[in-house]
Amino acid sequence: MNRSGIKRGTQPLARYKPLEGGQPPARRTRIKQVSAKRQRENRERARLVERLLKKYPLCERCRRAWSRDVHEPRKRSHGADILDPAECVCLCRACHDHVHDNPAESVADGWLIESHDKTTRPRAAAERAAAGAAWREQTQEAS
Ligand SMILES: [Zn+2]
């Protein structure tokens with residue numbers, strides 16, 4: 001439906017007055033793509049990832065390959081603190097792909113946590129706790 005009253009295919013309306021330059025823009029610099037706060041968070045995250053991969057060199061799911069990804073069973077968008085080691089699991093690339101390609105199976109196995117589930121701990125974190133590792137303290141001492 002054409003609500004404008006201007007027929008399709010006609011010439012655009014002629015401008016009575018040419019555009020004026022006007023004021024220069026209020027900002028002289030571009031808006032940053034990443035805020036300073038997020039930059040700090042990302043730097044801290046990178047250090048955490050490096051530390052975790054060193055601490056858990058074997059994939060925590062298959063235990064047959066080197067870990068290379070730090071997976072978050074509870075997604076960041078669902079409120080996981082990306083700087084909390086207990087929200088992180090070290091996986092090999094194949095397992096990480098498998099977890100995200102098979103969400104239903106992964107939720108059942110504890111490698112993924114659904115958005116509405118605010119109480120379940122990520123499986124690896126629960127296993128580490130059960131193993132009696134004073135995990136959090138150790139990882140925080142190392143920093
Ligand atoms: Zn694996």
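## A tour from Pro 103 to the zinc site

Start by selecting Pro 103, which lies in helix 3. This is a predicted model. With a relative accessible area of 41%, Pro 103 is partly exposed. Now add Ile 113 to the selection. The two residues are 10 apart along the chain, and their C-alpha atoms are separated by 9.2 Å.

**The whole chain**

Zoom out and colour by secondary structure. The protein chain has five helices and two strands. From the N terminus, the order is α-β-β-α-α-α-α. Of the 143 residues, 27% count as buried. Turn on contacts between residues at least 6 apart in sequence: 58% of them join residues at least 24 apart.

**The zinc ion**

Select the zinc ion next. Which residues coordinate the zinc ion? They are Cys 59, Cys 62, Cys 92 and Cys 95, each through its SG atom, at 2.2 to 2.3 Å. Check the angles between the donor atoms. They run from 103 to 115°, so the arrangement is tetrahedral. For reference, the ideal angle for four tetrahedral donors is 109.5 degrees.

Trace the donors along the chain. Their spacing is C-x2-C-x29-C-x2-C. Cys 62 sits in the loop between helix 1 (36-55) and strand 1 (69-71), and Cys 92 in the loop between strand 2 (89-91) and helix 2 (93-101), so this pair ties together parts that are 30 residues apart in sequence.

Compare the surfaces of these two cysteines. Cys 62 counts as partly exposed because its relative accessibility is 22%. Cys 92, at 6%, counts as buried; the cut-off for buried is under 20%.

Keep Cys 92 selected and show its neighbours. Leaving out residues up to four places away in sequence, Cys 92 touches Cys 59, Cys 62, Ala 65, Trp 66, Ser 67 and Arg 68.

**The loop before strand 1**

Step from Cys 62 to Arg 63. Arg 63 is also found in the loop between helix 1 and strand 1. Look at its backbone: phi is near 55°, a positive value in a residue other than glycine. Arg 63 is partly exposed, with a relative accessible area of 49%.

**The cores**

Which residues make up the largest nonpolar core? Select Cys 59, Val 89, Leu 91, Cys 92, Cys 95, Val 99, Trp 111, Leu 112 and Ala 124; these nine residues form it. Strand 2 and helix 2 are the elements that give two or more residues to this core. Apart from it lies another core of six residues, including Leu 48, Leu 52, Cys 88 and Cys 90. In soluble globular proteins, nonpolar side chains tend to be buried together.

From Cys 90, jump to Lys 55 in helix 1. Lys 55 and Cys 90 are 35 residues apart in sequence, yet 9.2 Å apart in space, C-alpha to C-alpha. Lys 55 has a relative accessible area of 33%, so this residue is partly exposed.

**Helix 2, face by face**

Orient the view down the axis of helix 2. Its buried residues are Cys 95, His 96 and Val 99. They fall within an arc of 100°, so they line one face of the helix. What covers them includes strand 1, strand 2 and helix 3 (103-109). Turn to the face away from this buried side. There you find the exposed residues Ala 94 and Asp 101.

Now pick His 96, itself in helix 2. Is His 96 buried or exposed? Its relative accessibility is 16%, so His 96 counts as buried. Show the side chain of Asp 69 as well. A polar contact of 2.8 Å joins the side chains of His 96 and Asp 69. Beyond four places in sequence, the residues that His 96 touches are Asp 69, His 71 and Leu 91.

**Last stop: helix 4**

Move on to helix 4, residues 123-130. Select Ala 124, Ala 125 and Arg 128, which are buried. They cover an arc of only 100° around the axis, which puts them on the same side of helix 4. Finish on Ala 124, which takes you back to the largest nonpolar core, where it is listed with Cys 59, Cys 92 and Cys 95 among others. Those three cysteines also coordinate the zinc ion.

Key. Residues numbered from 1 in each chain as written. Predicted model: local features only at pLDDT ≥ 70, side-chain atom pairs only at ≥ 80, totals over all residues. Heavy atoms only, no water. Donors = N, O, S within 2.8 Å, 3.2 Å for Na, K, Ca; no water. Tetrahedral: all angles 85-135°; square planar, octahedral: opposite > 155°, others 65-115°. Helix = DSSP H or I, 4+ residues; strand = E, 2+ residues; numbered from the N terminus. Buried < 20%, exposed > 50% of the residue type's maximum accessible area, 1.4 Å probe, protein only. Core = buried A, V, L, I, M, F, W, Y, C linked by side-chain atoms within 4.5 Å. Contact = heavy atoms within 4.5 Å. Polar contact = N/O pair within 3.5 Å; in protein donor to acceptor, adjacent residues only side chain to side chain. Arc of directions from axis to C-beta.
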